[in-house]
Amino acid sequence: MQAVAVLDKHHQWRQQDQTALPVYSLTKPIIAYAVHQLQIEPDAPVADWIRSDWLPHTGLTVRHLLNHTSGLCDYGPLPAYHQAIEAGAPWRDEDFAHHTLQQPLLHPPG
């Protein structure tokens, strides 16, 4: 499967084909750009944007998420993730939260 999507100089999406694919971490540069453009404080708590039933951990900041120091579980090595992708059924947001955000932290944030 191959898909390409780009932003043009007017910040409009110009998708080259209609192939659906999970984006997950591919969105990180876009999110970082949005954080910058919206002047969101990098040390602001993530709890300001993610529901506590999806992310029960406290003390996580936007900076922790953007630089991979949050301690959150990585979905990449999880067999359930690969099975879902192979089946053509990427996780819904609720599934992603269950397998990652709601798991014990791998290490303290930072």
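Is Q39 buried or exposed? Q39 is exposed, with a relative accessible area of 71%, and this residue returns in one of the close-up views below, all of which are drawn from a predicted model.

**Figure 1. Overview of the predicted model and its elements of secondary structure.** The model is predicted, and its secondary structure comes to four helices and two strands, which follow one another from the N terminus in the order β-β-α-α-α-α. Of the 110 residues in the protein, 21% are buried. Among contacts with a separation of 6 or more, 47% are made by residues that stand 24 or more positions apart.

**Figure 2. Close-up of T61 and H64, at the loop that leads to helix α2 and in the helix itself.** T61 is found in the loop between α1 (28–37) and α2 (62–66), whereas H64 lies in helix α2. T61 has a relative accessibility of 12% and therefore counts as buried, the cut-off being under 20%. H64, at 14% relative accessibility, also counts as buried. A polar atom of the H64 side chain lies 2.9 Å from the backbone nitrogen of T61. Leaving aside residues up to four places away in sequence, T61 touches P42, D43, A44, P45 and V46, while H64, with the neighbours up to four places away again left out, touches G59, T69, S70, P109 and G110.

**Figure 3. Close-up of P109 and L105 in the segment after α4.** The place of P109 is in the segment after α4, and L105 lies in the segment after α4 as well. P109 counts as partly exposed at 29% relative accessibility, and L105 counts as partly exposed at 27%. The C-alpha atoms of P109 and S70 are separated by 4.4 Å, although these residues are 39 residues apart along the chain. In a similar view of L105, its C-alpha atom is 5.1 Å from that of L72, with their positions 33 residues apart in sequence. Not counting residues up to four places away in sequence, P109 touches G59, L60, H64, T69 and S70, so that H64 of the preceding figure appears here as a contact of P109. With residues up to four places away likewise not counted, L105 touches H57, S70, G71 and L72.

**Figure 4. Close-up of D74 in the loop between α2 and α3.** The place of D74 is in the loop between α2 and α3 (79–86), where it counts as partly exposed at 44% relative accessibility. A polar atom of the D74 side chain lies 3.0 Å from the backbone nitrogen of G76. The C-alpha atoms of D74 and L106 are separated by 9.0 Å, these two being 32 residues apart along the chain.

**Figure 5. Close-up of Q39 and H68, two loop residues with a positive phi.** Most residues other than glycine have a negative phi. Q39 is not a glycine, yet has a positive phi of about 55°, and H68, which is not a glycine either, has a positive phi of about 60°. The place of Q39 is in the loop between α1 and α2, while H68 lies in the loop between α2 and α3. With a relative accessible area of 71%, Q39 is exposed, and H68, with a relative accessible area of 57%, is exposed too, because the cut-off for this class is over 50%.

**Figure 6. Close-up of the largest pocket and its lining.** About 1,100 Å³ of space lies in the largest pocket. This pocket is lined by 33 residues, of which K28, I31, L65, F96 and L101 are the closest to its centre. Helices α1, α2 and α4 (93–101) each supply at least two residues of the lining. Sorted by class, the lining of the largest pocket has 21 nonpolar, eight polar and four charged residues.

**Figure 7. Close-up of the aromatic cluster that includes F96.** Four aromatic pairs are found in a search of the whole structure. Y75, Y81, W91 and F96 form one aromatic cluster, and F96 is also one of the residues closest to the centre of the largest pocket.

Terms used:
Residues are numbered from 1 along each chain as its sequence is written. This is a predicted model: local features need pLDDT of at least 70, side-chain atom pairs count only at pLDDT 80 or more; totals for chains, interfaces and linings use all residues. Side-chain values use heavy atoms; hydrogens and water are left out. Buried means under 20% relative accessible area, exposed over 50%, partly exposed in between (1.4 Å probe, protein chains only). Contact means heavy atoms within 4.5 Å. A polar contact is a pair of N or O atoms within 3.5 Å; within protein, one must be able to donate a hydrogen and the other to accept it, and residues adjacent in sequence count only if both atoms are side-chain atoms. On a 1 Å grid over the protein atoms alone, a cavity is a set of points where a 1.4 Å probe fits but cannot get out, and a pocket is an open set with protein on both sides within 12 Å along at least five of seven lines; lining residues have an atom within 4 Å of a point. Grid points are joined across faces, edges and corners, and a volume is the space filled by probe spheres set on the points. Ala, Val, Leu, Ile, Met, Phe, Trp, Tyr, Cys and Pro count as nonpolar, Asp, Glu, Lys and Arg as charged, and the others, Gly among them, as polar. Rings of Phe, Tyr and Trp (its six-membered ring) pair if their centres lie within 6.5 Å; planes under 30 degrees apart count as stacked, over 60 as edge-to-face and the rest as tilted.
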